[in-house]
Structures are given as C-alpha cells and as structure tokens.
Amino acid sequence: MRDAFVIALVLFAVWTGWRVFRVDSMVRASFSLMLSFFAVGAIGVLLSAPYIGVATVFMMAVEMMVMAIFMVMFMMNPAGLNPMSMVHQHRLSIGAGAAAFAALAAAALLSELPDAPVPTDKAVVADLGHELLGPSMLIFETAGVTLLATMVGAVILSSRQGRYGMADQGSRPPGLEPGGEPAGRQPDESGGGHHHDHGGHG
Amino acid sequence: MTLTIVLLGAAALIGIGLYGALSQQSFVMLMMGLELMLNGALLAVVGFWSQGLAGMPEGQLLAIIVMAVMAVEMALGFALVVAVYRRRQADMTKSIGTLKE
C-alpha cells in the first residue's frame, strides 16, 4: 500500500520536474518545480522521515515564491502566451541527461541494496534532535556559519555599490606579463552608473 | 523494492536536472536544473536513510546538509545573476562568453 503511494509520488515528482523545462512561462516552471519538491517531501513523510519531509515542503514553498519573483524580473515572456524555447547544445544535453539517468538507474538496479528499514516504533524526530545538538553539533553549527557567510556574500554581490563607491572603481586587472597591458575587459571609467532606467518606473 | 523505486525516481530527477542545467540559456532556468538535481539527491538520501540504516540519525543529518546546500546555491546564484545583470545587462549564458577566454 505504501509502495503504491511512493510510486505515484515518484512519478508525479518526475513528471512535474520534466514540466519545468516544457512549460511556456518561467513562473509556471518555478511552480512546477515547487510541486516536484512537494512530492519529494511527501515521500519523505511516507518513508518515516517526517521532519525532513515537512521541512522540505516549508522551505521550498518560500524558496519557489522568491524564485517566481526573480522569474518575473528576468524573463522575456511573462505571461506564457508565446511558445518559449531558449536552449542551446540541445542534443548534447539530452544525451548527457539520458546517460546520467541510465548510469544511475543501472547502479540502482545492479547493486545489492541494503535492507534495514526504520523500525516502526523508533522516535526518529527526537533522535534527529539529539543528534543535531549532541554528537553532530559541530556539523550543524558549520552549516549555520555557512549560511551566515552566504548572507554576507549575497548582500555584497547584489548591492549596487559599496560604502565608498563602486567596488571596481580605479581598479586595473593584472597584466598577462609583469608591467604589460591589463588583461580582459576594462572596468568602466564612468563607474557603470548608466542604464539606471531599467527596473520599473516606481 | 521501495528503495529501488525511490532510487530510480532520483536518477530520473538528476537526469532531467542535468539536461536543464546544460541546455537552458537563461540563468534562472539553468538554476532550476541545478535545483532539480539537488531534489534528486535529497530523494536518494531520504530513501537510503529510510531503507538502509535502521534509523541511524546521521542519515537525516545528511538530508539537512543537502537542504542547506540548496539554500546556499539559491541565494548566491541569484546574487550572481543580479551582479552579472548590473555589470553587463546580460541574462543569457551566451552574453558572458568573454569569460571563456
């Protein structure tokens, strides 16, 4: 009985995952990806990992809403009224995806899989809590510091300019040989301040 | 049986995600491919923990780490997209081809 639900949810996750690259609107694509994550979260709940499953659903609900906002910012076809196809190296990608699936599926089918399911009376969420704040606390704290570094990095990358002007103002890329011409693209002398007109008329 | 089904589903999600990450031209769609691959990884981790570890809590910890990786990828990915767009008005991969050289 549980297997039937798991099969249905796996098929739903794969189908919605496929729809991500087939729908005509990027907002629909992000909601399709959200449904795929929800199906994986439901599989987690079915497979006696309720905390992981519910946390996945909560996290992805928020994350995909943020993603939908970014989609509206960056897409060229907001309403999905025209067919949308923005692909390159299509055959190579199909081949790589199919090869990855074939290799992983063969590994799953051919290897001897472990058979030690979670005992039904095990308090899995309490176990996870004791593990997080006990033996694995260092790992958990490392994840927290990583997220803090991510916040700092995201703010620095996405801010228009730093406290003392543009980040690359007056900078000069290093030359290919000592004292030679600077390599690569020169930073704008004007500081890149043009094109202020995009991004709404608020 | 359950584990085989879950692993096949995870393999399909990773395959589709790889296709998307390689084929999409728009940065945000490319990131959806990456997210889909992480989705498959999360599914495989949950399946292995549920069917293969007899309830050892370290497996759930690994799933939480995968979710943290997802959050980091999402936040820094969008920050990079915004930074590249500010500097070069680019939102497609071919517009930043000069990085190749």
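Colleague: Happy to look at this with you! In what order do the elements of chain A run from the N terminus on?
Modeller: This is a predicted model, where local features need pLDDT of at least 70, side-chain atom pairs count only at pLDDT 80 or more, and totals for chains, interfaces and linings use all residues. Residues are numbered from 1 along each chain as its sequence is written, while chains are lettered from A and ligands numbered from 1 in the order in which they are written. Helices (H or I, at least four residues) and strands (E, at least two) are DSSP runs numbered from the N terminus. Chain A has six helices and zero strands, and its elements run α-α-α-α-α-α.

Colleague: Which stretch of chain A has a pLDDT below 50?
Modeller: pLDDT is the predictor's confidence in each residue, from 0 to 100. Chain A averages 82, and 77% of its residues score at least 70. Where pLDDT is low, the predicted coordinates should not be read in detail. The stretch below 50 is residues 190–202 of chain A.

Colleague: Thanks! Is helix 2 of chain A largely enclosed or open?
Modeller: A residue is buried if 20 or more other C-beta atoms lie within 10 Å of its own, exposed if 12 or fewer, and partly exposed in between, with C-beta atoms placed from the backbone. In helix 2 of chain A, 16 of the 21 residues are buried, so the rest of the structure leaves this helix largely enclosed.

Colleague: How far apart are the end C-alpha atoms of that helix 2 of chain A?
Modeller: The expected span of a helix is 1.5 Å times one less than its number of residues. For the 21 residues of helix 2 (residues 26–46) of chain A, that should be 30 Å, which agrees with the end C-alpha atoms, 30 Å apart.

Colleague: Which residue with a positive phi follows helix 2 of chain A?
Modeller: The residue is found in the loop between helix 2 and helix 3 of chain A. Its phi is near 55°, a positive value in a residue other than glycine. With 21 C-beta neighbours inside 10 Å, it counts as buried. The residue following helix 2 is Ser48(A).

Colleague: And is Ala54(B) buried or partly exposed?
Modeller: Ala54(B) is found in the loop between helix 2 and helix 3 of chain B, and has a positive phi of about 55° although it is not a glycine. With 14 other C-beta atoms within 10 Å, Ala54(B) is partly exposed.

Colleague: Which helix of chain B gives the most to the side that touches chain A?
Modeller: Two residues are in contact if their C-beta atoms, placed from the backbone, lie within 7 Å. The contact takes 64 residues from chain B and 75 residues from chain A. Helix 1 (2–23), helix 2 (27–52) and helix 3 (58–88) of chain B each supply at least two residues of the chain B side. The one giving the most, with 20 residues, is helix 3 of chain B.

Colleague: Lovely. Which element gives the largest share of the largest nonpolar core?
Modeller: A nonpolar core is a set of buried Ala, Val, Leu, Ile, Met, Phe, Trp, Tyr and Cys residues joined through C-beta atoms within 7 Å. Of the 67 residues in the largest one, Ile43(A), Leu13(B), Leu43(B) and Val46(B) touch the most other members. The largest share, 13 residues, comes from helix 2 of chain B.
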